[in-house]
Structure formats: structure tokens, C-alpha cells
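Open the structure in a viewer and keep the sequence panel beside it. This tour says what to select at each stop and what is found there.

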Amino acid sequence: MVKNKCYCILLLSIIGNIFGYSQQTLLSGMDKLNWEKVMPGVWKATIGETKLNALDYADAPKVEALKTLGEAAFPFNKENTLSQKTPTRIGIRLPLEKEEKIYGLGLEFEGINRRKNVYTLKVDHYGGVKGYTHAPVPFYVSSKGYGVLINAPQRVKIHVGIGNRKDSNLPTAIDRTTGKNWAARPLSDAVEANVIGTGLEIFVFGGDSPLEAVQRYNLFCGGGALPPKWGLGFWHRVHTKSSDEAIYQEIADFKKNNFPVDVIGLEPGWQNFAYPCSYDWDETRFPNPTKFVNTLSQKGIKVNLWENPYVAPTSTMFEAIQPYTGSHTVWLGEVPDYTIPEAQKVLLNHHQKSHLGIGVSGYKFDEVDGYDFWLWPDHATFPSGNDAVEIRQLYGLILQDLFQDHLKKQNKRTYNLVRSSYAGASSKNSVIYSDYYNHKEYVTALANSSMAGILWTPEIRSAKSAEEWIRRFQTVCFSPLMMLNAWSSGKKPWSFPEVTDAVRDVIQLRKRLLPYLYTAFYAYQQKGIPPFRAMILENGFDAKEVVTGGQLDGVANPYAEQKKLEVTDQYMMGPSILVAPVFTGETSRKVVLPKGNWYDFYTGKLVGNGQTITIQTKLEQIPLFVKDGGIIPMIGEGEDLNANNPKLEVRHYGQQENEYTLYNDDGASFDYEKAEFTLMELTVKRKKNGQFNGNCEASRNQQFRYKKTTWKWMTEAK
Ligand code: GAL
């Protein structure tokens, strides 16, 4: 009898599959999602309605680039994509295969595979609850090569392969007393998510690989950021109490110590009241702001201003903004509702007149995240009628959009810092930072940022030793924004004399790599390929996982969290450089090499192929490896590192012939959108005698052509 029943169920499920519905459509009370194709390889399903939408603050999709990437297959059986709307909540369910890994979910500092965990994606100061972070982007990428954006202005709570509906494909239950493999988190066959709210959109991005899915997401959000060249130089944030005179002296000291400085960041003390903010210059420390900004500009140095959004009653902007502020204060400052266009105008008018109009290059938007005990509460009200939670999720994104757009109208690119971001931010020229300061986890964040359409800086602030100082410097020099944030420590790059030369050398190396890095950002802009990438986005990388933990008091315990130690302590920069930072106390480290031959950046020697190697580290070097055939254009030795078209040294590694398209433009404006840029084709071919020959041709517009190219064959031709 029992046997017959089983046959019946099997038969029903076969019939179900033939007629286009599977067992899962029986999932009680859930509706099938309706998918609409919106671009090649991009689909959308909508449930209910929302008032605020992050994508309204994103740039328009790069349609041509999406077309070039081409079509992709829809990654699921549509029948198994479900939703459920109750009066208070919307739930969704998307299928997961047994072996699938899920990456992403924003700026996480821990691990990379999100499966078997629950995240509450909330804009917050980092820490505490899983998913509370500066940029809780509700976008995930599957190891199968697709991406999903759950676009909701409310906090998304997402169960990644965890939680088992009684009518889903359940694994066999195990008796814990007698069975071996009882699991506190039984395998589940779905990603389930919910928001408290009235609506959400789901976007699915197809692809052949996780990278392709990420590219589609970035292109859909306007393509990647393209910073101005000065933004990729060295940033120094001075002590909060610095005056103009103190800064002139500091700049002279940089020169004396032979260190470059491209951007000076002013911290709260530039204002006559801070926390909340006046946004007005402090006359004792900066009696003549125009002269100050001009003086720095003449030295080729940009000025970036710190601020938070909370308006002090003493601000010259206070009266104008007050009609547009919310019910609650933050540090007794009023909280503008920047979803209202009039409020945006007040801010832009004030900032244009007082800062941007005199040459300030951009801002550091601080405290747009914050813990609950200082930010406005969820029950705060705002004049637009928008929900306080939604405004909080989108606040950092809105500020990024507002200023980028404003400066674009003046044909100026900016590079800002911001402490919160969200979905749709790919094309924003802003970099996220944190007060949190764990070096290893800073590197993990760098890997994770590449799957969230955001840029992250592992800024350096202070160190307990010279060793830590140089190790952190090396990491930040291989990140989207190279910055010493001395707002409190007052440190200088030469603060640890034992390593001053090594610090100078790594800054110099980063500056010399500008042609390569700038071209990597161009690929981000045009093709959506993140310039700094998690290893799992690299072709030929075997994403091995070592599972640790799962113990309490030394005894195996299924409730204890198991940590999956995937490779998050190394990452890719541009098409061919693998960066493997070293942490304090280490004299050797393991490096996992993707398939293909890899070469030491400094010596050109072969180090391995598709294997895990152990290297002995040197204090003065950050380990860098280059893939076979890697072409690395660098500014020639002794050249002016800030010149727009200096002489180049082009390095070639390994045995493969290769081609590389080098990008250059004016480095500052949006004229590149009007085809004002130069592409140089760098080609390496073998000569008859087996030796390499390098060729360099500007295929279009000669205006931004690098002057002269010297080839450097790093590996002996064999
Ligand atoms: C913090 C910020 C620091 C620094 C400081 C100044 O919130 O994270 O980088 O700017 O404020 O008060």
C-alpha cells in the first residue's frame, strides 16, 4: 500500500513536470512570479509597489554594453520562483541547487560564501548582527553564474539556503541521539527573503560565470565608476584641528620627506561647528578659504571636505533647510529629507557657493550609516511622507547621486568618500570606509565589494608597530583609494622611520601603475568588470573551502557556527595582477593560484600553476603575481608621476603572446563620453628567433597618447 502511494506521488510529479509545473508549485499559498525581460540577460518581477526606489538614484543602464554582452539563459525553472504577499510582509522564494554557493550581499567583512546563514540587510555602523553594514546591497551572485537583486527600499531579511518549508524538497531527517550527521541547519533548496513593506522588485542577471552576472548588474546600474586621475593618487586626511597654516607646513613636510600628496582631506575642524554640522568654514583656522583652496590647487593638490548630514542650528543653511527636515534630531542637528528636490537644492546651493565654487573637489559623507542609538529611529517621520527606514537605507546613495550629478553638469568628475551605500551605486565615484579596523577583514571587504557594485578603501589610520604600518600601507596602495586618515592620530607616512623607505616605495609603485589601474577602471565603466575582484570571479580559480568551527568547548556541536574559510585574503587587480597582502606577524603566506602559469611581479620568475604555493615574504614588498602573457603598462622610471602622458614602461610576463588595450583621457572631465579619449593597442608577438617583440599603436584619437614606450621583458623567452 505504502509502495503504491509512493508510485502515485512520483507519477503526479512526472505529470506535473510534463505540463510545466513541478511539485513546488504546490507550495501552499505562494504565487508564481511573473518575469519580464528588461534587457539582454536581465529579467524583472514586481510585487506590490514601493515609494522609494534605489534604482531611481542609479545611472541609466548601459544598453549598448549589455547588448554586447549578449543574451543569457534564465537561470531557474520559472515555476519555482514564488512570492507571497500578506498585509504586512512580502516573501519570496528562489530555488537553490544542492552544491550552489552564494556570494555577495554587500560590504561584508567576514567570509564570502553566504549559504546557510541569515542576513538582515540594514544600513548600520558595522557589526553586531549579520547583514548590518555600511553597504548592505541586496544583490547576490551564485557560483552557477547568475545574480539576483532584491530591490527593496526596506531592509531585506534573507535566508540563504536555510529554513525548510514543510512542502519543499526536504532532506532525510536524522535522529540526533543515534544518527551521525544530524544538522542544526538542514540543507534547504531555496533562498527565501522577506521585507516588511508594500512592494519590491526582483532582478535576475544571467551569465556564464559569476563575473558575467556581476558585469550585467553593474552595467544595468550605469556601468562602473571612473574616478578622476587625481583620485587614484595619494590622499592624506589631516588632523581635525589643523589650520591652513598647519596644512601648508604639512605639505612642505611631504615635499621635504619626498612623499607625494594629491588630495588633502579636511576633517570636522574645518567647520565653525561640527556634530551637528554648520558646513561653514571656521574663520580662526581658515580665515580665507578661497586662498587656501587656490594655494593647494597651484601645488596640484585637491581639497576634500568631511561632513555629516545633520544640520547645526548655527549653520547658514539652517533656516532654508528647516522646512524639509524630519521629526527627530541626530546629535541635536536636524535631519534633511533629501528625497525632496527643494531640500536637495538648498544643500547644493549652499555647497556650491561655499565650497565647490571655490574649487573644493568633493566630500567625505560621514555618519550616513550609524548605530540605532545615534541615528533617527524607525518611527521618525519625514516631510516627504517617505518611511524613516527607507530614507536611512538610501541616504548615502542619494548624496552620492546628488553631488555626482551636480558636478557632472559642470563637466567635473569627483571622487568622494561615503560611509553608506546601497543597490544601484556601481557608477558612483565614491568609496566606502569604516571606523572598524581589522586588517584581514579589510581585505575580505575588498573581495566582497567587487560583488556589490561598490568601491572600498582599507584606509590606514595608525599602527602598533612599524611592521603593521607598512603592511597596512601596502594593502591600501592596492585598493581603489590610497589614503592615510590621520584625523585623530596625526600620523604622517614617515611616522615609523624604520619603514619610511618601504612606505615611499609602495606609494611610488602604485602611482607608477596608474596607466594599468586607470585602464582597469575604464573596463569597470565600459564592461562592468570590477577593478579589484574576489578570486571567485577569476577564471580558472578553484574556490576550495576549508570548514572550521562547529565546536563548543572543544566538542563537536551542530549548533556552533562553522566558518567557511574561503580565499578572501588575496584578490585580483585589473586583468592580470594577483595581490596577496601580508599581515602583521607573518613571514610566509599561502597563495592560491588560478589555472595557468603565474609569475612574480618583481622578478618575472615562474611561481606555479593552479596550485597553492607557500611564499616567504619580505617586509618591504607586497606579494604580487602576474598571469602568463600579462602586459602591465607603467609610468616610466623617473617620469613625472602626475603628468598626463608621460613615457611608459610596458612590462610583459611569461611566455604567451598577448594584446592589451591601454586607455587614456584628460583624467578629469566627462569628455570621454564624447569619444575624447585615446586607445593604445599594445601587442606582444614572438619574433622568428623566439624572442618577444612589442608593438604600440594608438588606434584612434592621438590626443592622450603616452609619449614613448619602453618594453621590459620580465621573463626570459623560452
Ligand atoms: C568618524 C569617521 C572618521 C573621522 C571622524 C571625525 O565618524 O569615521 O574617519 O572622519 O568621524 O570625527
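Which residue in β33 is the bridge partner of Tyr599? Select Tyr599 and look across to β33, where Leu606 is its bridge partner. Helices (H or I, at least four residues) and strands (E, at least two) are DSSP runs, numbered from the N terminus. Strand β32 (residues 597–600) and strand β33 (residues 606–609) run antiparallel and are joined by 3 bridges; two strands pair if DSSP finds at least two bridges between them. In this hairpin, with 5 residues between the strands, select Gly604, which takes a positive phi near 80 degrees.

Before going on, note that this is a predicted model, in which local features need pLDDT of at least 70, side-chain atom pairs count only at pLDDT 80 or more, and totals for chains, interfaces and linings use all residues. Residues are numbered from 1 along each chain as its sequence is written, and side-chain values use heavy atoms, with hydrogens and water left out.

**The whole chain**

Zoom out to show the full chain, which has 12 helices and 41 strands. Along the principal axes, its C-alpha atoms fill a box of roughly 90 × 75 × 55 Å. A compact globule with 718 residues would have a radius of gyration near 27 Å, and the chain agrees with this at 26 Å. That radius is taken over C-alpha atoms, and the globule rule is 2.2 Å times the number of residues to the power 0.38.

Of the 718 residues, 60% are buried. Buried means under 20% relative accessible area, exposed over 50%, and partly exposed in between (1.4 Å probe, protein chains only). Contact means heavy atoms within 4.5 Å. Among contacts with a separation of 6 or more, 72% are between residues 24 or more positions apart.

**A second hairpin**

Select residues 325–336 to show β17 (residues 325–330) and β18 (residues 333–336), which run antiparallel and are joined by 3 bridges. Val330 has Gly333 in β18 as its bridge partner. Here 2 residues lie between the strands, and Trp331 takes a positive phi near 50 degrees.

**The parallel sheet**

Next, colour the 8 strands of the open sheet, whose order is β22-β21-β20-β19-β16-β15-β14-β23, with parallel pairing. β22 (455–456) and β23 (482–485) each have a single partner strand, so one side of each is left without a neighbour in the sheet.

Select β20 (residues 416–418) and β21 (residues 430–432), which pair in the parallel sense over 3 bridges. Val418 stands opposite Ile432 in β21. Now add helix α8 (residues 388–408), which lies across β19 (362–365), β20 and β21 and runs at about 175 degrees to β19. Axes are lines fitted to C-alpha atoms, for helices over the stretch in contact, and angles run from 0 to 180 degrees between N-to-C directions.

**Helix α7**

Select residues 341–354 for helix α7, whose 14 residues should span 20 Å at 1.5 Å a residue; the end C-alpha atoms are 20 Å apart, which agrees. The expected span is 1.5 Å times one less than the number of residues. Which elements cover the buried residues of α7? The cover includes β16 (302–307), α6 (318–321), β19 and α8. Among those buried residues are Gln344, Leu347, His350 and His351.

**Helix α3 and Ser426**

Go to helix α3 (residues 210–220), where 11 of its 11 residues are buried. Just after α3, Gly222 takes a positive phi of about 100 degrees. Cys221 is buried, at 1% relative accessible area.

Then pick Ser426, in the loop between β20 and β21. Is Ser426 buried or exposed? Ser426 counts as buried, at 1% relative accessibility. Leaving aside neighbours within four places in sequence, its contacts include Tyr217, Asn218, Cys221, Gly453 and Tyr524.

**Gly667**

Select Gly667, in the loop between β38 (658–664) and β39 (678–686). At 4% relative accessibility, Gly667 counts as buried. Not counting residues up to four places away in sequence, Gly667 touches Pro228, Lys229, Arg413 and Tyr518. The C-alpha atoms of Gly667 and Leu226 are separated by 9.1 Å, while the two residues are 441 residues apart along the chain.

**Last stop: cysteines**

Finally, select Cys696, which counts as buried at 15% relative accessibility. How many disulfides does the structure hold? The structure holds 0 disulfides, a disulfide being a pair of cysteine sulfur atoms within 2.5 Å.
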